[in-house]
Amino acid sequence: MAEMGSKGVTAGKIASNVQKKLTRAQEKVLQKLGKADETKDEQFEQCVQNFNKQLTEGTRLQKDLRTYLASVKAMHEASKKLNECLQEVYEPDWPGRDEASKIAENNDLLWMDYHQKLVDQALLTMDTYLGQFPDIKSRIAKRGRKLVDYDSARHHYESLQTAKKKDEAKIAKAEEELIKAQKVFEEMNVDLQEELPSLWNSRVGFYVNTFQSIAGLEENFHKEMSKLNQNLNDVLISLEKQHGSNTFTVKAQPSDNAPAKGNKSPSPPPDGSPAATPEIRVNHEPEPAGAATPGAALPKSPSQPTESPAGSLPSREPSAAEGTFAVAWPSQTAEPGPAQPAEASEAAGAQEPGETTASEAASSSLPAVVVETFSATVNGTVESGSGAGRLDLPPGFMFKVQAQHDYTATDTDELQLKAGDVVLVIPFQNPEEQDEGWLMGVKETDWNQHKELEKCRGVFPENFTERVQ
């Protein structure tokens with residue numbers, strides 16, 4: 001018996017909710033047709049507009065702040081890799097190795113501290129600030145429904161009073177319902193009339209505090225980072241001074257099939273493009289006694305590199321002068337040409353890479369990994385490394401629908417739809433908020449990207465869509 005009673009109460013509540021929705025829908029239709037007057041409050045409507053604007057601005061600020069934090073984290077990782085590289089190339093017998101290692105450690109700690117303080121003093125504050133908006137938004141929507149109930153009760157009471165045959169019992173009941181509806185509406189209306197202007201005014205102080213915190217943290221971070229960079233610079237200067245007597249010449253390793261050294265410049269390719277082997281001089285030590293006089297001709301780079309296979313990197317040949325290396329661009333049909341005067345070659349400055357066709361450049365100048373990645377991208381077979389598994393569905397997922405027509409959202413809680421969009425339908429958090437003909441959902445693309453219902457969900461008209469699953 002108790003179970004039957006419980007079911008009866010539940011059924012009665014459902015019937016009551018259905019009746020409320022029908023009454024509200026009928027009242028809205030009458031108001032739109034001009035057959036029933038609508039209670040208006042321009043001051044409150046302005047407060048609602050300010051609320052929606054404030055919510056939009058806050059949501060954008062939160063998104064941009066998260067992007068900024070992601071960039072800080074990426075810079076931290078890049079700085080960490082750079083310092084690890086320095087530790088690897090810093091030989092054990094060089095002075096200042098321990099100091100350089102300590103600087104790298106402090107650099108890592110400084111980045112971590114900066115990121116954590118941004119999260120604590122900016123992002124969490126931002127989340128708290130935006131956390132109050134969903135509840136107020138729900139209350140604004142509920143106030144709108146209660147206003148429709150109040151207008152409906154008022155019109156019903158007025159119609160009974162103006163009827164030819166008056167039923168006092170019905171009039172008394174209608175008056176009682178009107179007073180009840182008016183009381184519920186006015187209680188919600190008064191609370192929101194006080195909260196919305198206060199929330200609107202609070203945005204100034206919030207923006208000031210947030211950006212002051214970010215600016216202050218960034219300023220302190222760069223001050224401390226500047227000190228670490230100066231310390232590292234001092235260590236490297238000390239290393240340079242203590243090893244100043246040594247020569248750090250840059251030489252290329254000769255290849256097995258390198259031609260003999262000569263004093264002839266390379267001849268241009270048959271198509272008339274410039275010579276394919278520029279010469280780059282790096283001199284790190286003074287000229288020894290007996291060096292060539294300014295008027296004397298200087299030795300030149302090799303006359304012509306041998307043809308290298310497609311896809312290989314350009315070969316590098318040693319020059320006759322100490323501390324000089326040459327970078328050669330291979331040419332498929334290069335033959336030695338007539339010698340050029342040393343003075344003319346030196347005056348030209350001489351970095352003139354040979355011309356190649358687009359296919360040769362793609363095959364000979366790009367590393368194999370780049371070519372493979374490009375090919376995979378073109379064919380649409382780029383792999384993410386994790387496989388294409390089935391994505392999780394949102395909590396409470398009921399079914400999928402596909403938009404058959406474009407729908408332009410008219411409020412912040414509505415979804416903007418394009419024909420073909422797939423929407424994952426979910427239940428309303430509060431069933432009383434659901435209007436007839438409207439569904440709650442999240443676009444499948446937004447859910448797969450963000451996995452956050454608060455950001456992505458919204459209502460949309462059911463008749464613009466068709467169920468697909």
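**Entry 1: Asn189**

I looked up the contacts of Asn189 and, leaving aside neighbours within four places in sequence, found Asp41, Phe44 and Arg143. The model I am reading is a predicted one. I placed Asn189 in helix 5, which spans residues 168–242. I then asked whether Asn189 is buried or exposed. Its relative accessibility is 13%, so Asn189 counts as buried, the limit for that class being under 20%.

**Entry 2: the charged patch**

I next turned to surface charge. Glu186, Glu187, Asp191 and Glu194 gather there in a patch of negative charge. Of these residues I followed up Asp191, which has its place in helix 5. Asp191 has a relative accessible area of 37% and is therefore partly exposed. I noted the contrast within helix 5: Asn189 is buried, whereas Asp191 is partly exposed.

**Entry 3: Trp111**

I located Trp111 in helix 3, residues 97–131. Its relative accessible area is 9%, so I entered Trp111 as buried. Which residues does Trp111 touch, not counting those up to four places away in sequence? I listed Val72, Met75, His76, Ser79, Phe221 and Met225. For one of these, Val72, I also looked up the backbone separation: the C-alpha atoms of Trp111 and Val72 are 8.0 Å apart, although the two residues are 39 residues apart along the chain.

**Entry 4: Met126**

I stayed with helix 3, where Met126 also lies. Met126 is buried, its relative accessible area being 0%. With residues up to four places away in sequence not counted, I found that Met126 touches Gly58, Leu61, Gln62, Leu65 and Phe206. Between Met126 and Leu61 I recorded a C-alpha separation of 8.3 Å, with their positions 65 residues apart along the chain.

**Entry 5: salt bridges**

How many salt bridges does the structure hold? I recorded twelve, and I examined several of them individually.

I began with Arg154 and Asp151, whose side chains meet in a salt bridge at 3.0 Å, N to O. Both residues belong to helix 4 (residues 133–161); because they are three residues apart, about one helical turn separates them. I checked the cover of each partner. Arg154 counts as buried at 14% relative accessibility, and Asp151 is buried with a relative accessible area of 1%.

I then examined Lys223, which forms a salt bridge with Glu219; the closest N and O atoms are 3.6 Å apart. These two residues are four residues apart in helix 5, so they too are separated by about one helical turn. Are the partners buried or partly exposed? Lys223 counts as partly exposed at 48% relative accessibility, and Glu219 is partly exposed with a relative accessible area of 47%. I set this beside the previous pair, in which Arg154 and Asp151 are both buried.

I also looked up Glu452 and Lys455, whose side chains meet in a salt bridge at 3.9 Å, N to O. Glu452 is partly exposed, with a relative accessible area of 33%, and Lys455 counts as partly exposed at 39% relative accessibility. Finally, I noted a network: Asp135, Arg139 and Glu195 are joined into one by salt bridges that share partners.

Conventions:
Residues are numbered from 1 along each chain as its sequence is written. This is a predicted model: local features need pLDDT of at least 70, side-chain atom pairs count only at pLDDT 80 or more; totals for chains, interfaces and linings use all residues. Side-chain values use heavy atoms; hydrogens and water are left out. Patches are made of residues with over 30% relative accessible area and no salt bridge: like charges are joined within 9 Å, nonpolar side chains (Val, Leu, Ile, Met, Phe, Trp, Tyr) within 5 Å. Accessible areas come from the Shrake-Rupley method with a 1.4 Å probe; for residues, only the protein chains shown count as cover. A salt bridge is a side-chain nitrogen of Lys or Arg within 4 Å of a carboxyl oxygen of Asp or Glu. Lys and Arg count as positive and Asp and Glu as negative; His and the chain ends are not counted. The place of a charge is taken as NZ of Lys, CZ of Arg, CG of Asp or CD of Glu. Buried means under 20% relative accessible area, exposed over 50%, partly exposed in between (1.4 Å probe, protein chains only). Contact means heavy atoms within 4.5 Å.
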